[in-house]
Structures are given as structure tokens and as C-alpha cells.
Amino acid sequence: MLRWEDVPTPTPGPGEVIVQVHAVSVNRTLDLQVRQDGGNYGVTLPLVLGVDPSGVIVDVGQSVEQPQVNDRVTIFGGVRCGSCQQCMAGNPRGCLSPRMLGVQCWGGYAEYLRIPASNCVPVPDGLPFAHATVITRHFPLAFGECSLADLKPGD
Ligand SMILES: [Zn+2]
């Protein structure tokens, strides 16, 4: 069951930021299937759904240099654990236990989202948050497909 509920406003830990959410996607697989039967994603309830949120940074934790308060960001959905061998070695993209934002950890169907600063991607001033959210969802797949095609500049 999906319902509106008040929860405490999150506070950032070291390396984390708080995003005031302005846009979030409604994804067929990552929202509807998870709501229907969990989608075999290892969902733990209670859960705040919501992938691909975009918004404004309202607070930053210790050791966060970027982004800063008032920066516009969209959120990369692969949340690194921060404690595995790869994360501790400064290679978060090689994380051994990544979680999916809005599926395996609380997502963007909320006023505020706590997320590692490394998940934030800057959003230019002229780009609406809804557009940034859609780009966040679809750009990685398109980019990956172009990489598979071995495209080079000028192709
Ligand atoms: Zn990790």
C-alpha cells in the first residue's frame, strides 16, 4: 500500500547531503513492479519509493566539498555502501554492495532525501528539474548503447 506519511526530516552524516526534492520519476519497473510484488529486488519495508530525484541541496555533512547548499542536482541511483573494500579504497564505482535508490534504500517520494554527495550530478540553471529527472533515467542506457556500438567522435 502506498500512503502519505510524516517522517523525521533526515540529517546528513559524513559525506552525505540533504536534497529538497523537486522532481522524481514514476518508473514502470522500479515503482509499479516493486509496489506489486517487490520485483525480486530485495525490498525491505517500510520503503520510500522514488527513483531519479532532482532538487536543491539544503544541507551538507562533514567532509562534503561538493555539492554545496543551494546547488541544483539530480541523483545517480546506484548508492554505494561506503564500507566495502572498494569503497574504502576510494573506488565507489567498484562497490561490492551497491543499492538501488528508491528500491533498496529510501528514495525520492519525499520532501527531503539523504544521499551520499558522490551521487549528486550538477543540474544547469536553465534545465527544469523534471527534465533533469528524465535525463537521469534514460541517459545512462543510451550512453551505454552508444558505447557498445563503439561510436567515436564524428560517427
Ligand atoms: Zn561499497
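**View 1. What kinds of residues line the second largest pocket?** In this predicted model, the lining of the second largest pocket breaks down into 12 nonpolar, 5 polar and 2 charged residues. So you're looking at a wall where nonpolar residues such as Val, Phe and Pro count toward the 12.

**View 2. The space inside the second largest pocket.** This pocket holds about 410 Å³ of space. It has 19 lining residues, and Thr-74, Phe-76, Val-121, Thr-136 and Pro-140 sit closest to its centre. Zoom in on those five if you want to find the middle.

**View 3. Which helix gives the most to the second largest pocket?** That's H3, with 5 residues of the lining. Helix H3 spans 129–148, and strand S7 covers 120–122; each of them supplies at least two lining residues.

**View 4. The largest pocket and its centre.** Now for the largest pocket, whose volume is about 1400 Å³. A total of 40 residues line the largest pocket. Nearest its centre you'll find Leu-47, Val-48, Leu-49, Trp-106 and Gly-107.

**View 5. Where does the lining of the largest pocket come from?** Helix H1 (28–37) and strand S6 (112–116) each chip in at least two residues. S6 supplies the largest share of this lining, namely 5 residues.

**View 6. The lining of the largest pocket, sorted by class.** Go around the wall of the largest pocket and you'll meet 26 nonpolar residues, along with 5 polar and 9 charged ones.

Technical notes. Residues are numbered from 1 along each chain as its sequence is written. This is a predicted model: local features need pLDDT of at least 70, side-chain atom pairs count only at pLDDT 80 or more; totals for chains, interfaces and linings use all residues. Side-chain values use heavy atoms; hydrogens and water are left out. On a 1 Å grid over the protein atoms alone, a cavity is a set of points where a 1.4 Å probe fits but cannot get out, and a pocket is an open set with protein on both sides within 12 Å along at least five of seven lines; lining residues have an atom within 4 Å of a point. Grid points are joined across faces, edges and corners, and a volume is the space filled by probe spheres set on the points. Helices (H or I, at least four residues) and strands (E, at least two) are DSSP runs, numbered from the N terminus.
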